[in-house]
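Trainee: I would like to go through how the labels in a structural description are justified, one value at a time.
Mentor: Then let us set each value against its cut-off and draw the conclusion from there.
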Amino acid sequence: MEKKQSFLEKAKEFWNINVSKSRTGQLILVLVGITIFFTLLEPKFMRVKTYDSMLLQMSELGILAIAVFLCILVGGLNISVMANANLAALFMGYYILTNFKPESTPQQIQMIILGGIGIALLVGVIGGLLNGLMVGYAKLPPLLATLGTGTLFTGIQKGLTGGESVTGYPTQLEFLGGGKVMGIPLPFIMFTVVSILIFIMLKFTQFGYKIYMTGANQTTAKFSGIATERITLLTYIVAGVLSALTSTIVLGRTMSANPDYGLATYVLFTIFVAVISGSRAGFGSVANVFIAMFALQTLQTGFNYMLQTVKGNTYFRDFIWGLLLIVFLIINYFANVKSVEDN
Amino acid sequence: MKGKLFRTYEFFLVLLLTAIAVAIGLINPAFFSVGTLFDIIRIQTIFILLAFGLLPVVILGGVDISFVAIAALSTYSVHVILIKLGYQGGILLYYLLVIAISLSLGFLIGWLISKFKLGIFDLSLGMNTMLYGFVLFFVGSLGRFDMPAGLVGWNQKWLVTVDSVVGKSGLHISFLSIFVAGVALHVFLRYTTLGRAIFAIGSDKSVAIRTGFNLKRVYLTVFPIMGVMAGIAGLTQCALAAVFSPVLLMGKNMQVLAAVIMGGASIRGGKGSVFGTFLGVLLIGVISQALVYLRIPTAWMDAFVGVTFIAFAVYQTLETRTSK
């Protein structure tokens with residue numbers, strides 16, 4: 001006679017399959033955990049205002065994190081995304097400044113801004129093309145190739161501007177960086193749309209499937225008739241496009257094109273997201289990256305609340321982020337050891 | 001034997017350096033002077049030391065960016081502590097303490113990598129942010145100009161001096177540290193089993209492990225070397241400039257890595273030489289001086305480093321592919 005499962009056993013089975021053994025479950029658990037933790041410490045944490053600014057702040061980094069995630073998925077890495085975004089923002093800014101006149105009508109300004117976005121996308125594609133050619137065809141190690149291109153992008157920007165920020169844009173541009181559509185910040189809508197599109201691309205298109213194949217085992221993929229070089233190139237171009245999208249948010253929010261913007265921290269954060277979302281060559285999902293980004297932003301905002309009275313708190317935050325990355329790397333090691341043992 | 005010398009990469013670098021120097025000299029004759037040479041060497045001394053420290057890591061097939069943070073943390077902490085204790089002696093105690101701290105940090109990195117099989121770059125990314133954050137928050141965030149009596153005047157101890165356009169140029173005694181470190185590192189890499197093991201692991205990790213090389217011991221050697229060289233470089237820099245800063249060398253890791261790669265170390269690991277690295281740093285030094293003499297704004301420096309780095313890396317890759 002078949003034994004009936006008690007509720008407890010069912011719950012335990014659900015827990016095992018969907019939470020403790022799956023990265024998505026673990027991430028949601030962590031996210032809920034830290035949210036509760038910060039709410040207990042600071043009841044003001046659970047407010048619409050907090051989430052409003054969180055959604056705005058996480059979007060820039062979130063899109064970059066997806067760009068880096070794609071490069072990791074195809075078996076590479078990309079640490080030039082922010083430099084590429086900054087360069088795209090510069091050229092977008094140049095375009096807007098040369099075409100914008102004080103007497104321009106709102107419609108004209110809209111067209112100018114749209115043109116600027118086009119220029120930014122072009123710079124992003126060129127940057128991605130350069131990376132893709134170097135990694136996919138010249139077979140350079142991705143870390144060093146993108147380290148080189150990142151230095152080059154920032155270098156070009158510093159050379160052109162003398163290291164200064166370029167400012168003075170029409171105020172309509174601010175909409176890109178913080179405008180609201182039905183109460184939701186536009187950058188967050190962009191982040192969500194990008195996440196969904198990339199999700200569909202990875203899950204339901206040939207291209208996405210080939211990215212997984214190339215990342216999991218390039219030699220096997222090649223022998224299965226996949227043009228791994230072209231897949232790698234295209235993936236880096238997509239990453240370049242995502243950088244360009246980020247540049248429009250950055251330019252709209254800060255209203256300046258700054259060669260050094262974000263360079264000191266974004267590599268750490270994008271790698272951090274990749275590590276905690278469990279992404280590696282051939283394995284990973286956008287959903288996990290999305291939740292991981294949410295968790296990272298919750299931590300970030302939580303630290304801000306807790307440390308706002310501490311002198312020199314930005315330094316302390318750096319210390320904690322570095323430490324956390326190392327801790328999660330070690331946790332990942334144990335998780336991998338365990339999953340190998342389980343199989 | 002003679003033919004072999006002319007075909008080495010180092011020989012190519014010497015030619016390239018000479019060509020660039022001659023080109024600048026033709027445009028601006030002021031470039032041709034012993035003073036310029038001394039200036040370049042003095043400015044690049046610390047980068048040569050840093051590059052020497054990074055070389056074994058690159059040969060191992062890794063990229064580390066945390067060595068600059070090790071330099072900042074060890075020198076600044078030692079300075080702050082010694083000043084607080086009222087220390088007035090010479091630089092020797094500084095060197096001993098800085099070496100002790102940077103060595104321990106190097107050991108910690110090597111241990112973490114061998115114990116938990118962490119990615120070298122991933123770990124260094126965390127380390128870099130953590131160590132700078134640590135020193136800025138827990139030790140101090142201001143540049144310190146107060147010097148113990150024993151350190152005052154150390155930066156004027158010249159081996160040789162010459163008169164140049166901008167006053168006096170000289171070869172500082174810290175130049176000797178390059179010599180000592182370079183020879184020691186060369187002997188270690190070429191003539192010891194442990195040194196050869198670094199090349200073996202860098203060329204093919206799994207083969208090296210099966211051959212019986214001890215991976216853990218290599219990690220526990222390579223990273224302490226990197227740490228100590230960074231510490232010494234940081235201290236030399238601070239003592240020369242007569243200011244101790246917690247953000248010392250921040251963001252300079254790319255320049256050092258570029259120099260090591262230009263010096264002929266393979267971007268895939270398994271290849272590299274001390275002399276080549278020395279030339280690689282000089283190459284970057286000459287390029288940056290060239291910008292000054294050719295009146296190109298120094299803001300273009302990063303772009304030049306980026307382009308040269310990419311050019312060298314692509315050249316290296318294409319060369320290894322055709323030779324196969």
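Trainee: Why does Phe37(A) count as partly exposed?
Mentor: In this predicted model, Phe37(A) has a relative accessibility of 46%, and because partly exposed covers the range between under 20% for buried and over 50% for exposed, that is the label it receives.

Trainee: What makes the aromatic pair of Phe37(A) and Phe38(A) edge-to-face?
Mentor: The ring centres of Phe37(A) and Phe38(A) lie 5.4 Å apart with 65 degrees between the planes; since centres within 6.5 Å make a pair and planes over 60 degrees apart count as edge-to-face, both conditions are met. Phe38(A), at 3% relative accessibility, counts as buried.

Trainee: Why is the pair of Phe134(B) and Phe138(B) called tilted?
Mentor: Their planes are 40 degrees apart, with 5.0 Å from centre to centre, and tilted is the label for pairs that are neither under 30 degrees nor over 60. Phe134(B) and Phe138(B) are separated by about one helical turn, because they are four residues apart in helix α6 of chain B.

Trainee: How do you know that Asn78(A) is buried?
Mentor: Asn78(A) has a relative accessible area of 3%, and buried means under 20%, so the label follows. Asn78(A) lies in the loop between α3 and α4 of chain A.

Trainee: What makes the link between the side chains of Asn78(A) and Ser80(A) a polar contact?
Mentor: The distance between these side chains is 2.8 Å, and the cut-off for such an N or O pair is within 3.5 Å.

How values were computed:
Residues are numbered from 1 along each chain as its sequence is written. Chains are lettered from A and ligands numbered from 1 in the order in which they are written. This is a predicted model: local features need pLDDT of at least 70, side-chain atom pairs count only at pLDDT 80 or more; totals for chains, interfaces and linings use all residues. Side-chain values use heavy atoms; hydrogens and water are left out. Helices (H or I, at least four residues) and strands (E, at least two) are DSSP runs, numbered from the N terminus. Buried means under 20% relative accessible area, exposed over 50%, partly exposed in between (1.4 Å probe, protein chains only). A polar contact is a pair of N or O atoms within 3.5 Å; within protein, one must be able to donate a hydrogen and the other to accept it, and residues adjacent in sequence count only if both atoms are side-chain atoms. Rings of Phe, Tyr and Trp (its six-membered ring) pair if their centres lie within 6.5 Å; planes under 30 degrees apart count as stacked, over 60 as edge-to-face and the rest as tilted.
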